[in-house]
Each structure stands twice: as C-alpha cells, then as structure tokens.
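Please open the model in your viewer and keep the selection panel at hand. The tour goes from one selection to the next.

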Amino acid sequence: MTTLAQPPKLGLPATIIGVAVGIILTAIGVVFGFLQGLSVQLIILAAIATLAAFVWGWRFVLGQFVSDAGSVPEGEISEGRKVWLQFRPAIYGLIAILALFLVLSLTIEGFFNVWNVVSLLIILTIIVLTRTLGRHFQENRSAFIGIMVLAGLFSIGSMNIEGFASANNIKSMLLFAAFLGIASVGQTLVALLGGLDLSIPFIIGAANVGLLYLIGLGVPPWLAALIVLAIGTLLGVINGFLSYKLQGQALIVTLGTGFAISGGVQIITSIGTAYGGNVFGTVPDWLSNLAAMNGSTFGLPVPPVICIWALIVIVLIVGMRLTVYGRYLYALGVNRTSAKRVMISEITYWVMMYAISGFFAALTGGLLLGWSGGGFIGVGDQYLFLTLAAVVVGGTSLLGGQGGYGFTVIGVLVLQVLSSFLIGIGLDFEWQQFIFGLLILPMVALYARSPHIRTQI
Amino acid sequence: MSDAAANVGLDTARPAQGGRANPFLLVPITLFFLLLGLAVLRSPSLMSSAGIGSAIIVATPLILATYALMASVISGRGTVDLSIGPLIGFINVTLIQLHGAGILTNPIAIFAYAILIGALYQFLFSLIVIYVRVQPIIVSLSGYLALSGMNLVILPRPGGVAPQFMADWGLGTSIFSPVFAILVIASIAWLLFTRTAFYTHLRLMGSDERAAYTSGVPIYVVRIGAHVISGAFAGLAAITFTALISSGDPSQGTTYTLIAVTALVLGGASLAGGRGGVFGSFLGASNLYLITFVLATFNFGAVQSFVTNLAYGSILVISLLLTLIIPFIQRHIHNFSPLLYFIGLGVVAMGVILHATNDRDPRARPAPVDEIVVMQSLSPIALEKLYIGPLEVAAPTATDEELRQQAGPLVLAALLLIVIAVFVRVAVSQSDRRTIAPAVTVVVAALVLFGAYLMRAQGPFAPNSSEPAATEESR
C-alpha cells in the first residue's frame with residue numbers, strides 16, 4: 001500500500017540534478033540568512049522549507065510531465081486513499097503555499113495582516129476549485145481556468161488596493177481591454193487557421209499616423225476613416241495572399257510586410273514636411289468621444305469603444321458558433337486536407353481572415369488616435385506580443401482549429417486586470433512585463449500541452 | 001514542411017555534399033553581391049581596412065545572433081526563439097553590472113560567464129519544451145516578455161562601462177580585430193560541427209521529428225544540444241554587442257530579435273526546421289547590414305530610418321517570393337553548387353570593387369566620394385594604393401616600395417587564411433575515413449602555422465621574408 005503514495009518515478013539523473021540544485025538553493029538561502037543576521041531558528045526553518053518545497057516541486061511538477069503513464073494498480077483502495085490519490089498534487093500545492101505564506105509572514109515585517117490572509121484563502125479556494133471542478137470542464141478547461149484566475153485576481157485586487165473596484169477604474173480597465181481586444185480579433189481568427197499575423201502593430205501605427213495625416217490634409221474625417229479602414233483591409237488581403245502562397249512562413253511574411261507598411265506610411269506622411277515622422281492635426285470631436293475616458297454613448301457615461309467591443313464580441317462569438325463561415329473556419333483549422341475535400345476554399349478563408357485582421361488593426365489604430373489625440377507610429381508596438389499573449393493565455397491554439405474569440409476575451413481581461421493589479425501594488429512596467437512572461441507559461445501548460453511524440457506515430 | 005522533407009531527401013542522395021548543396025542559397029548569394037557591388041560603387045571607402053573593420057564590428061553581433069537563432073530553428077517544431085534579443089540584452093546588462101561591481105574582471109571569466117548564461121538559459125528552454133511540451137514559440141514569447149522586463153530592472157537606463165580589455169575592440173580601425181576572430185572561430189566551430197553525426201540527427205529531427213524518433217535518434221539529447229549551442233552563440237553575440245556599444249543597454253539588445261529572424265530567413269533558412277547553416281545566416285545578416293549601408297550613402301535625411309524599414313520589409317518579402325521559383329530551377333539544374341556560384345559572382349564583384357577603388361579615370365568615378373556619411377575616420381588614398389601595390393609590375397618608386405612593405409603582412413595574412421581554409425576543408429572531409437590522412441593534414445597545417453609564426457617573429461613584417469613564405473605555403 002505504501003507504494004501507492006509514491007510520487008511518479010523520475011530518472012536517476014533527474015533526481016540527482018534536482019537534489020543538487022535544491023541543496024545549492026538552500027545553501028544560498030542559509031548564507032544570505034547569516035549575512036542578514038537573522039536568528040538561527042528562522043534560518044533553519046527557512047532552509048528546511050526551501051529544500052522541501054523545491055524537492056516537492058522538482059518531483060511533482062517535473063514528474064507529472066515526465067511520466068504520464070504512471071499506472072496505478074486497481075482494486076483494494078480505500079475511499080480516503082482514492083481522494084488522496086486524485087487530489088495529491090493539489091494538496092501538496094496547498095501545503096507548499098501555506099509554507100510559503102508562513103515563511104513570508106515570519107520574515108517580512110507587517111506581512112501578516114488580515115487582507116493578506118484573506119487573499120491567501122482566495123488563492124487556496126481557486127486552486128481547490130480548479131482541481132475539483134476543472135475535471136468536469138475538459139472541453140473548455142482554459143476558459144474555466146481563465147475565469148477563475150480573473151475572479152481571484154479581481155477580488156484580491158479590490159481588497160488590497162484602494163479604489164480597484166471603483167467604477168472609474170473598471171471603466172478604464174475595460175477601455176484598455178477594448179483596445180487590446182479589438183486588436184486581437186485578427187490574431188485570434190488567423191491563429192484558428194494556424195497562421196500568425198505580426199503585422200498588426202505596424203498597421204495600428206500606420207493607421208494612427210495615416211488617419212491624422214489625411215485629416216490634416218483636409219479630407220473630411222469620416223471619409224479619412226473609411227479610407228484608412230479600406231487600406232487596412234487591403235493590406236490584410238495582401239498579407240493573406242502572400243502568406244497563403246508561402247505556406248508555413250506566415251510569421252516572417254507578415255513581419256516583412258509590417259516593416260514595409262510602417263516605413264512606407266512614414267515616408268508618405270513626411271514628404272514635404274520638415275518634421276520627419278511627426279504628424280500634426282486636430283482630431284475631430286466625435287473620434288475623441290469614441291475612445292476617450294470621458295466619452296459617452298447615447299448619454300450613458302460609457303466610452304463608446306467599450307460598446308463597440310461588446311458588439312464585436314457578440315457578433316463574432318455567435319457568428320463563429322452558428323454560421324457556416326464560422327464552422328468552415330474551424331474545419332480548415334483542424335484539418336485542411338479534409339476541409340478541402342468537402343469543397344471549402346482554403347485561399348478564400350485564408351485571405352478573408354487576414355483581411356479582417358487588417359481591418360481591425362486599422363480600426364484599433366484609428367481608435368487609439370481618438371484616445372491619445374496625436375499621431376505616433378510606435379503606438380502599436382506593445383501590441384506585437386500582447387495580442388499573441390492574449391490569444392495564448394485565452395486558450396486558442398496557435399496550431400489552429402481550437403479556441404475562439406470568447407477565449408481571447410478572457411485572455412484580454414486576465415492580462416488587463418493583472419496589469420492594473422500590478423500597477424496598483426506599485427510595480428513598474430518592467431516588472432509587469434516580467435510577471436506577464438512568467439505567467440503565460442504555466443497558464444498555457446495547464447491546458448495546451450501537446451501529446452508525447454510516441455503517441456503521434 | 002513538405003519542401004523541407006524533399007530537400008532532405010535530396011541531400012541524402014548525395015551525402016558527400018552535406019548541408020552545402022542548398023539551392024536556397026541562390027537568392028542570398030545574388031543579393032549579397034548585388035548589394036556589395038552597389039555599396040562599393042556608392043562609397044569606395046568601404047573597401048579599406050578601416051571600412052571593412054568597422055563593418056565587421058557593426059555586423060558581427062547581428063551575425064552571431066542569427067547563428068544563435070539558426071541553431072535552435074534547425075531543431076524543428078517551429079522553434080523561432082523570439083527571446084534571443086532580450087537574452088543578448090540580459091547577458092549584456094548583467095555583464096556590465098557584475099563588472100561594475102568588480103566581480104567579473106578576467107577576460108576568460110567574462111567569456112565563460114556570457115557563454116554559460118546563454119547556454120543555461122537555452123538549456124532551461126529546451127527542458128521546458130521537452131518535458132512541459134508547450135509549443136516552443138510560446139516558451140520563447142514568455143521568455144521575451146520576462147527577460148526584457150528583467151533587463152530594465154537590472155539596468156534601468158543605458159550606462160555603465162565595458163571591461164577594460166574590450167575598450168578598443170569597438171573602434172574598428174583594422175580588419176583583424178578580436179571581434180573578427182570571434183566571428184571566424186564561431187563560424188568554423190559550426191562548420192566542424194556539421195561534420196558530426198549529431199548534426200545529421202539534428203537535421204533529421206528538424207525535418208521530421210517522428211521519423212527521427214522511430215529511427216532511434218535520441219531526440220531529447222539532440223534538442224538539448226541544439227539549444228545549448230544556440231545559447232553559446234548568443235553569449236558570443238552578447239560579448240561582441242558589448243564591445244560594439246562599450247556599455248550596457250537594456251533595450252537595444254531586444255531589437256535584435258526581429259532583425260535576426262529577418263536575417264535568418266533572408267539567408268535561406270526554413271523556420272519550419274531542418275534547413276539552415278552559417279553560410280546562409282552570414283549572408284543574410286551581411287545583406288541586412290549592406291542594405292543599411294547602401295541606403296545610408298543615399299542620405300535621405302529625416303526619413304532615413306523609414307526608408308530602411310521599407311527596404312527591409314520589401315526585400316524580405318520579395319526574396320521569400322523568389323524562393324517559390326527554386327523548385328523550377330531544381331528541376332532543370334540538378335547539380336547546383338552554391339559555392340561555385342558564390343565564387344563566380346565573387347569574381348565579378350571583385351572586378352567591380354577594383355574598378356571602384358582604383359580606377360583613376362574621372363569619368364568612371366562620379367561624385368559620390370564626398371557623400372560618404374557612414375565612415376568618418378578614413379584616410380582612403382594611402383590605403384587604396386595598398387591594395388594595388390602588390391599587383392604592380394612597373395618599376396617601383398620609393399613610395400610604392402614603402403606601400404609594398406606595408407602590404408606584406410596583409411598578403412601574408414590573406415595567403416595564410418586561404419591555406420588554413422584549404423587545410424581545414426581537407427581535414428574535415430577526410431575526418432570520417434579511418435586513415436592517417438587527417439592526422440597528416442593536421443600536422444602539416446600546424447607546421448605551416450608555425451612557419452608563418454617564425455617568419456613573423458624574425459623580421460617584423462619584413463616584405464622580403466613574407467613573399468618567399470607565401471610561395472612555400474602554397475606548395
């Protein structure tokens with residue numbers, strides 16, 4: 001019976017490496033402890049905790065991934081042991097987090113207050129819920145996990161940060177989420193086909209500058225906006241056509257067209273002016289109203305861009321579930337050969353999705369102009385990897401066929417709430433980026449692991 | 001995927017050609033010589049010792065970053081390591097900070113540190129890819145975000161001082177700088193690596209991982225190896241980058257990601273895996289440098305960087321489209337030799353260079369000399385003569401004699417390079433046979449090197465000793 005509680009077996013080298021690294025970490029901790037002049041009891045406690053936590057992490061986190069086929073002999077298992085087996089990782093996780101909390105509250109002055117305890121409880125609840133209920137959501141596990149993380153982050157944030165849950169803050173979070181969400185529409189659709197669109201940030205920047213340039217030339221703003229959207233769509237068509245012709249090179253093709261677009265638009269806008277790349281002009285009121293924080297929709301104090309985003313979300317989710325176009329899109333993403341056999345034109349969809357991507361990128365650029373009030377080519381730069389991150393965190397597979405825009409919305413909200421939370425506790429942009437980076441990996445690892453190679457033969 | 005597989009099949013039919021019989025090099029080679037000719041015609045001072053020297057200094061970090069990217073891209077599964085730029089930045093800023101704190105001072109320690117950190121990061125990367133089985137591009141995305149945030153934390157704004165011994169590396173006044181040595185050593189190391197079975201396994205895995213797995217290739221080990229090599233290249237790239245800017249910069253390194261991906265693809269590698277090499281990567285990165293250089297000679301003023309962007313993008317897309325016609329070429333020309341093509345175009349380009357740098361006819365040289373904007377610290381006339389000096393047969397005057405004396409070491413060095421290259425090539429091609437030949441070539445090569453050293457030691461750059469030395473070696 002004791003063998004049942006054994007952790008998954010790791011190979012000898014892996015074990016040795018793990019123990020060695022653990023000991024090194026512990027030694028570092030002990031040395032630092034002595035250097036800081038802490039009391040010996042604390043150091044010993046911390047050392048034991050570090051070693052135990054690390055060895056646990058090594059064996060279980062790695063072990064889970066190494067041997068999926070840990071066969072458990074059936075029969076004669078008592079009920080308690082069954083529960084124990086089923087939730088073993090979660091229980092270890094709970095213990096580890098508790099230990100971490102203990103160590104933190106012993107070492108950091110003033111860490112042990114009521115809010116942190118409540119936050120801890122929330123985290124624990126989320127983990128328990130994810131482990132217990134998550135099993136019933138095999139289909140949409142990523143969405144479930146995303147919503148849990150969102151709820152947890154939001155509740156922790158609203159407890160720890162003054163004004164986090166105020167109407168203003170929520171409005172501003174939704175505003176930024178709307179920009180990112182609209183920019184990620186194209187990325188999601190293209191990812192569903194198995195492609196990538198890295199030209200989105202460049203088109204955003206180009207649309208941003210180009211719209212203001214056209215307005216500055218004296219073109220009526222509505223016409224200028226239409227022209228910019230049309231050009232964005234056209235660029236998307238070119239992208240789609242090129243990346244269809246050059247199969248498997250979508251990443252680099254769109255990057256190339258992106259470079260060319262941003263360079264070309266800047267050349268056009270700076271011809272005949274003394275300011276290289278800087279465009280001046282006045283943004284019309286309706287455009288500012290569309291995207292500004294204090295904008296209003298039909299009298300309601302909500303920036304219209306949020307409503308636009310909500311509309312897009314509904315149309316896309318319903319459309320992709322119910323219409324033929326949506327279903328064909330998934331069919332192509334899952335297996336393009338079989339989709340071809342049922343007379344789905346691959347190039348049409350490929351070009352169409354990239355065209356939509358270009359359109360929404362141009363739209364984002366125009367809306368960002370309304371928000372900032374000045375043209376700037378680099379306005380889209382941060383969206384280069386953020387759109388990808390939103391798609392990936394939401395749970396749309398970059399290989400195509402799995403996911404949807406609803407997932408991306410969750411991803412966008414998670415990223416936005418997390419970033420507001422990090423700003424709220426006083427972390428700078430670089431720390432946010434660092435934490436984003438570290439967060440993406442475990443979130444994706446929870447639901448988007450590819451099968452082992454031996455199962456693919 | 002399918003064309004990569006076809007390419008591998010093509011290569012296995014001709015094992016002697018190895019990775020070098022690659023028709024995808026056609027585009028980068030053509031582009032390289034086109035750009036080189038244009039660059040030399042626009043600004044002949046590129047072909048001076050200082051011009052080439054500074055070109056090497058500026059281009060080497062990019063070339064090495066492309067190598068680093070290439071090593072992991074070959075391993076397949078769409079491993080485009082987006083985090084390569086932030087990794088270079090990370091090594092750069094930690095190096096500067098550790099040096100500033102007085103911990104890293106020894107050159108050997110600095111090299112070891114850079115390479116070790118790069119390899120360690122890539123090792124972790126490969127472990128995650130193997131055991132967590134997340135798509136590599138997601139791992140690299142997360143690495144990109146995490147590392148570029150980290151860099152700004154470590155060094156909030158550009159600053160710091162590079163180690164003392166690197167201080168004059170970034171000047172670029174002569175061709176044979178330490179940076180050049182790093183570049184050559186890195187390239188040769190990869191070329192030697194391509195002769196191993198490990199490399200064959202790597203390419204097989206990159207083209208078709210399932211086939212590799214079923215035929216018993218240890219795919220985990222191979223993947224880890226590819227990443228560790230990539231990390232070592234990244235470490236070298238970081239060192240040359242540090243030498244170039246001779247300080248620390250948290251955000252500059254990050255820009256290398258997109259440029260290196262561009263250079264890699266321009267060099268004919270496949271992002272799907274299984275195809276790529278140092279030759280192509282070198283050409284791709286050099287092409288990017290030459291594009292910037294050529295455009296800089298046109299002096300666009302305020303829109304310079306936009307024009308550069310436009311050119312990058314369009315050339316990238318066009319050269320990708322050109323690869324579509326390669327199957328047609330392959331159908332008609334079965335034995336395409338990139339090396340031969342390279343040499344053929346190289347001769348033409350050499351003619352252009354000689355014409356541009358030495359033609360005294362004023363009609364042949366329109367104005368552009370005074371438009372040189374890139375190179376400042378040049379004294380072109382004396383150096384130009386230095387190149388034609390050894391070729392003259394007319395009775396030399398005193399100044400010519402002096403020039404010839406100066407040219408001596410250059411000629412010696414060039415001959416040495418050729419001799420070394422030939423010997424390395426011979427040694428490498430013989431290395432898989434179980435005869436004594438490799439040992440013999442190694443011994444002979446060592447003797448030649450020793451002889452050259454002695455010659456150099458006797459009279460410091462004496463022209464009389466350098467000429468006979470050359471004839472001896474070429475035997």
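**The interface of chain A and chain B**

Begin by selecting chain A and chain B together: between them, one residue pair is in polar contact, with both residues at pLDDT 80 or more. The model is a predicted one, and the confidence filter on that count should be read accordingly.

Next, restrict the selection on chain A to the elements that give two or more residues to the side touching chain B: α2 (40-66), α9 (221-245), α10 (250-270), α16 (383-394) and α18 (429-447). Of these, centre the view on α10(A), which gives the most to that side, with 14 residues. Colour the side of chain A that touches chain B by residue class, and 32 nonpolar, 15 polar and five charged residues appear.

Now show both partners of the contact: 52 residues come from chain A and 46 residues from chain B. How much area is buried between chain A and chain B? The value is about 4600 Å², and carbon and sulfur atoms give 78% of that area. A search for salt bridges across this interface returns zero.

**Helix α17 of chain A**

Move on to residues 405-424 of chain A, which form helix α17. Its 20 residues should span 28 Å at 1.5 Å a residue, and the end C-alpha atoms lie 28 Å apart, so the expected and computed spans agree. Switch to a surface display: α17(A) is mostly covered, with 16 of its 20 residues buried.

Finally, select A:G426, just after α17(A), where phi is positive, at about 85 degrees.

Definitions and conventions:
Residues numbered from 1 in each chain as written. Chains lettered and ligands numbered in written order. Predicted model: local features only at pLDDT ≥ 70, side-chain atom pairs only at ≥ 80, totals over all residues. Heavy atoms only, no water. Contact = heavy atoms within 4.5 Å. Buried area = accessible area lost by both parts, 1.4 Å probe. Salt bridge = Lys/Arg side-chain N within 4 Å of Asp/Glu carboxyl O. Polar contact = N/O pair within 3.5 Å; in protein donor to acceptor, adjacent residues only side chain to side chain. Helix = DSSP H or I, 4+ residues; strand = E, 2+ residues; numbered from the N terminus. Nonpolar A, V, L, I, M, F, W, Y, C, P; charged D, E, K, R; others polar. Expected span 1.5 Å × (residues − 1). Buried < 20%, exposed > 50% of the residue type's maximum accessible area, 1.4 Å probe, protein only.
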